[in-house]
Amino acid sequence: MQLGAHQLVLGSRTLVMGILNVTPDSFSDGGLFLDPAKAIDRGLELVAQGADLLDVGGESTRPGAPEVRAEDELARVLPVIAGLVRQCPGVPISIDTTKVAVAQGALEAGAVLVNDVSGLRDPAMAQLVARTGAGACVMHMRGTPKTMQQHAQYADVVAEVIAELHLTIERAGVDRAKLFIDPGIGFAKKLEHNLTLLKNLSALRALGLPIVLGTSRKSFLGTLSGVTDPAQRVAASVASVAIAAVAGAVDVARVHDVAATRQALAVADAIRSR
Ligand code: HH2
C-alpha cells in the first residue's frame, strides 16, 4: 500500500504500529508523553524497537473519556508529528482522531494515515481522506466512547461487525486501495464479543481489506489474566496478537509494547508461512 512517499509491504510479515498517546488520561500510558519532547523520544524509541508505523493520538477513547477540543488536540499532536517526520522520515505517521480539523492539521504536518475509531462516520472526514489521498483505518464501533458499552448487544457479533464495516466503507466512498479495517476490540464489545471476534478474525478477510488489530493492554486481557495494571499486560497482549497472526488474520498490530510484539511475531509469522 502506498501511503504518501511510503510503500507499506503487506502480507509477508505482520507489521507493527507503535502507539504514541499524547494525552493526560489514556488508559495505560496517560500523562507519560504529554510533553512533546518526551513524546518524540518515545516515538524514536518505538521505531528503534521495530515499529513500522507510529499512531499519534491526542484524545483518549477509553470508555467515558472527556471530550477534547480540536484546538487542544491539535496543540498536543502537531509538534510531535512534525518532530517525528523530521527525525524519522522513513516511518509513516498515523493520526488517531475522529475530528476532521485534527486530521487535516496532522496530514498537513506530514501524517499519511487517518486512524478514525468512529470509522469515517463524519462525511467531512471521508471527504478529507478522499481529497488528500491519505490512508484510512476504518474501525468498528457503535455509538461514541461515552455511550458505546450500551450498544454491546449482538446476535452474531462476527456477522454484524462485518456487515457494519461493509456499510461504513460503502458510505465513506474512499479509495479501497488506501483502506484498512479494524474489528474495534473493546469498542461496544463485551468480553464474549472480543473473544468471539478474535477467534474468528479471519472471517473479516471477506471484506478484502488489510486488517488492523488493537488488543494492546485492553481491559478484557486484565479480566482474563487477573492483571489489573494495564502496563503489566504485555504477555497477554502479545499472546493475542501472535494467535491472530498465526491464523493469518492480522496485517498490522497496533501495540504499546513494540519490542515484545516484534519478538513474538517473528515466531508467529514463521509458523503461519509454513
Ligand atoms: N484502540 C484504542 C485507540 N485507537 N485505533 C484502532 N484502529 N484500533 C484500536 O483498537 C484502537 C484505536 C484504545 O487504545 P489506546 O490508544 O491505548 O488508549 P486511549 O484511547 O485511552 O488513548
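Reader: Let's start in the sheet. In β5, which residue is the bridge partner of L54?

Author: Keep in mind that this is a predicted model. Strand β4 covers residues 53-57 and strand β5 covers residues 93-96, and the two pair in the parallel sense over 4 bridges. One of the pairs joins D55 to S94. For L54, the bridge partner in β5 is I93.

Reader: Which residues of β5 are buried on each of its faces?

Author: In a regular strand, side chains alternate between the two faces of the sheet. Both faces of β5 are covered. On one side the buried residues are I93 and I95, and on the other they are S94 and D96.

Reader: OK, zooming out: in what order do the 8 strands of the open sheet come?

Author: Strands of a sheet pair through backbone hydrogen bonds, either parallel or antiparallel. Here the pairing is parallel. The edge strands, each pairing on one side only, are β8 (179-182) and β9. The full order is β8-β7-β6-β5-β4-β3-β10-β9.

Reader: How many residues of strand β7 are buried?

Author: Take β7 one face at a time: G135, C137 and M139 are buried on one side, and A136 and V138 on the other. Both faces are covered. Strand β7 (residues 135-139) is largely enclosed by the rest of the structure, because the buried count is 5 of the 5 residues.

Reader: And in β7, what is the bridge partner of N115?

Author: Strand β6 (residues 113-116) runs parallel to β7, and 4 bridges join them. One of the residues of β7 is C137, which counts as buried at 1% relative accessibility. The bridge partner of N115 is that residue, C137.

Reader: Since we're on cysteines, how many disulfides does the structure hold?

Author: A disulfide would need a pair of cysteine sulfur atoms within 2.5 Å. C88 is buried at 7% relative accessibility, and C137 is buried at 1%. The number of disulfides in the structure is 0.

Reader: Now the helices. Why are the buried residues of α4 on the same side of it?

Author: The buried residues in helix α4 (residues 123-132) are M125, A126, L128 and V129. An α-helix has 3.6 residues a turn, so residues three or four places apart point the same way. On the other side of α4, P123, Q127 and R131 are exposed. The buried ones sit on the same side because they cover an arc of only 160°.

Reader: What do those buried residues of α4 pack against?

Author: We're talking about M125, A126, L128 and V129. Their packing partners are two helices and two strands: α3 (100-108), α5, β6 and β7.

Reader: How about α6: which exposed residues are on the face turned away from its buried side?

Author: In α6 (residues 191-199), the buried residues are H193, N194, L197 and L198. Those four lie on the same side of α6, because they cover an arc of only 130° around the axis. What covers them includes α5 (157-172), β9 (212-213) and α7 (219-225). The face turned away carries E192 and K199.

Reader: Which element supplies the largest share of the lining of the largest pocket?

Author: This pocket has a volume of about 570 Å³. Its lining has 36 residues, with F27, T61, R62, F187 and K218 nearest the centre. β3 (15-21), α6 and α7 each supply at least two lining residues. The largest share, 3 residues, comes from α7.

Reader: And which helix gives the most to the lining of the largest cavity?

Author: The structure holds 1 cavity of 30 Å³ or more, and the largest has a volume of about 30 Å³. S216, S237, V238, V241, V255, D257 and T261 line it. With 3 residues, the helix that gives the most is α8 (residues 234-246).

Reader: One last oddity: what is the phi of L120?

Author: Most residues other than glycine have a negative phi. R217 has a positive value, near 60°, in the loop between β9 and α7. L120 lies in the loop between β6 and α4 and is buried, with a relative accessible area of 4%. Although L120 is not a glycine, its phi is positive, about 55°.

Definitions and conventions. Residues numbered from 1 in each chain as written. Predicted model: local features only at pLDDT ≥ 70, side-chain atom pairs only at ≥ 80, totals over all residues. Heavy atoms only, no water. Buried < 20%, exposed > 50% of the residue type's maximum accessible area, 1.4 Å probe, protein only. Arc of directions from axis to C-beta. Contact = heavy atoms within 4.5 Å. Pairing = 2+ DSSP bridges. 1 Å grid on protein atoms, 1.4 Å probe; cavity = no way out; pocket = protein on both sides within 12 Å on 5 of 7 lines; lining within 4 Å. Points joined across faces, edges and corners; volume = space filled by probe spheres on them.
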